[in-house]
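Got your viewer open? Let's walk through this model one selection at a time, and you can click along as we go.

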Amino acid sequence: LVVSDTSYHGCMLQVRDVKFFPDGRSVVDTIGIARFRVLTHGQRDGYHTAKIEYLEDKKVEGEVLTELLKLHDSVYDQALGWFTSLKDDMKNQIISHFGQLPVKDSDPQDNPNGPAWCWWLLAVLPLENKAQLTILAMNTLKDRLIAIRRVLIFVTRKRPR
């Protein structure tokens with residue numbers, strides 16, 4: 001759950017694996033499956049509870065879809081270029097923790113939460129929580145792609161050559 005000054009947003013997680021260590025610690029491997037906005041929240045029996053509203057991207061058609069597909073392909077290519085330009089040790093750390101960059105979706109509107117590669121990229125880019133929240137809460141793929149493109153431009157220019 002991520003909190004901004006005015007609202008709560010979160011991501012429903014699916015547990016993929018749990019590793020327990022002898023000292024009592026554990027590592028839980030999860031993947032996000034659905035974004036949501038908290039409408040009301042409280043506590044019950046010591047647990048946090050909430051009424052939520054799932055967030056889904058607004059679908060587009062026609063010329064707007066054609067432009068969206070161009071933007072999608074362009075930002076994916078930019079993301080792939082950024083990732084492949086990283087030093088091998090950094091790439092290997094990212095891959096060992098987050099897996100490979102997902103393949104580009106043939107229909108980026110197929111999933112109501114948008115393409116998987118966008119969420120993978122947001123997890124690995126050096127972003128503050130507030131920036132992640134802003135992008136997480138966006139309900140159009142176009143807005144999210146434009147925001148990701150801006151971040152990619154910034155991190156590409158900032159990196160020493």
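How many residue pairs are in polar contact between domain 1 and domain 2? Counting pairs with both residues at pLDDT 80 or more, there are four. A polar contact here is a pair of N or O atoms within 3.5 Å; within protein, one must be able to donate a hydrogen and the other to accept it, and residues adjacent in sequence count only if both atoms are side-chain atoms.

A quick word on what you are looking at. This is a predicted model, where local features need pLDDT of at least 70, side-chain atom pairs count only at pLDDT 80 or more, and totals for chains, interfaces and linings use all residues. Residues are numbered from 1 along each chain as its sequence is written, and side-chain values use heavy atoms, with hydrogens and water left out.

**Stop 1: the whole chain**

Switch to cartoon view. You should find five helices and four strands, running in the order β-β-β-β-α-α-α-α-α along the sequence. Helices (H or I, at least four residues) and strands (E, at least two) are DSSP runs, numbered from the N terminus. The C-alpha atoms fill a box of roughly 50 × 40 × 30 Å along the principal axes. Of the 161 residues, 30% count as buried; that word means under 20% relative accessible area, while exposed means over 50% and partly exposed is in between (1.4 Å probe, protein chains only).

**Stop 2: two domains**

Color 9–55 one way and 62–158 another: these are domain 1 and domain 2, with bounds that come from an automatic or database domain assignment. Their C-alpha centres lie 23 Å apart. Six residues from domain 1 and eight residues from domain 2 make the contact, where contact means heavy atoms within 4.5 Å.

The area buried between the two is about 590 Å², and carbon and sulfur atoms give 50% of that. Buried area is the accessible area (1.4 Å probe) that two parts lose on being put together, summed over both. Now select His9, Arg35 and Leu55: within domain 1 they lose the most area to domain 2, together 80% of what that side buries.

What about salt bridges between domain 1 and domain 2? The count is zero. A salt bridge is a side-chain nitrogen of Lys or Arg within 4 Å of a carboxyl oxygen of Asp or Glu.

Still on the domain 1 side, highlight strand 2 (8–20) and strand 3 (26–44), each of which supplies at least two residues of the side that touches domain 2. Strand 3 gives the most, with three residues.

**Stop 3: aspartate 57**

Next, select aspartate 57, in the loop between strand 4 and helix 1. Is aspartate 57 buried or exposed? It counts as buried, at 13% relative accessibility. Its side chain meets that of arginine 144 in a salt bridge (2.4 Å, N to O). That pair links distant parts of the chain, since arginine 144 is in helix 5 (residues 141–158), 87 residues apart from aspartate 57. Arginine 144 is buried too, with a relative accessible area of 0%.

Add arginine 35 to the selection: a polar contact of 3.0 Å joins its side chain to that of aspartate 57. Arg35, Asp57 and Arg144 are linked in a network of salt bridges. Not counting residues up to four places away in sequence, aspartate 57 also touches others, including Pro112, Asn113, Met138 and Leu141.

**Stop 4: other salt bridges**

The structure holds nine salt bridges. Try arginine 37 and glutamate 53, whose closest N and O atoms are 2.9 Å apart. Arginine 37 is in strand 3 and glutamate 53 in strand 4 (residues 47–55), 16 residues apart. Arginine 37 is partly exposed at 30% relative accessibility, and glutamate 53 is partly exposed at 34%.

Then move to lysine 91 and aspartate 88, a salt bridge with closest N and O atoms 3.6 Å apart. The two are separated by about one helical turn because they are three residues apart in helix 2 (residues 88–98). Lysine 91 counts as buried at 16%, whereas aspartate 88 is exposed at 54%.

**Last stop: isoleucine 153**

Finish in helix 5, with isoleucine 153. Isoleucine 153 is partly exposed, with a relative accessible area of 33%. Draw a C-alpha to C-alpha distance to glutamate 67, and you get 20 Å, for residues 86 apart in sequence.
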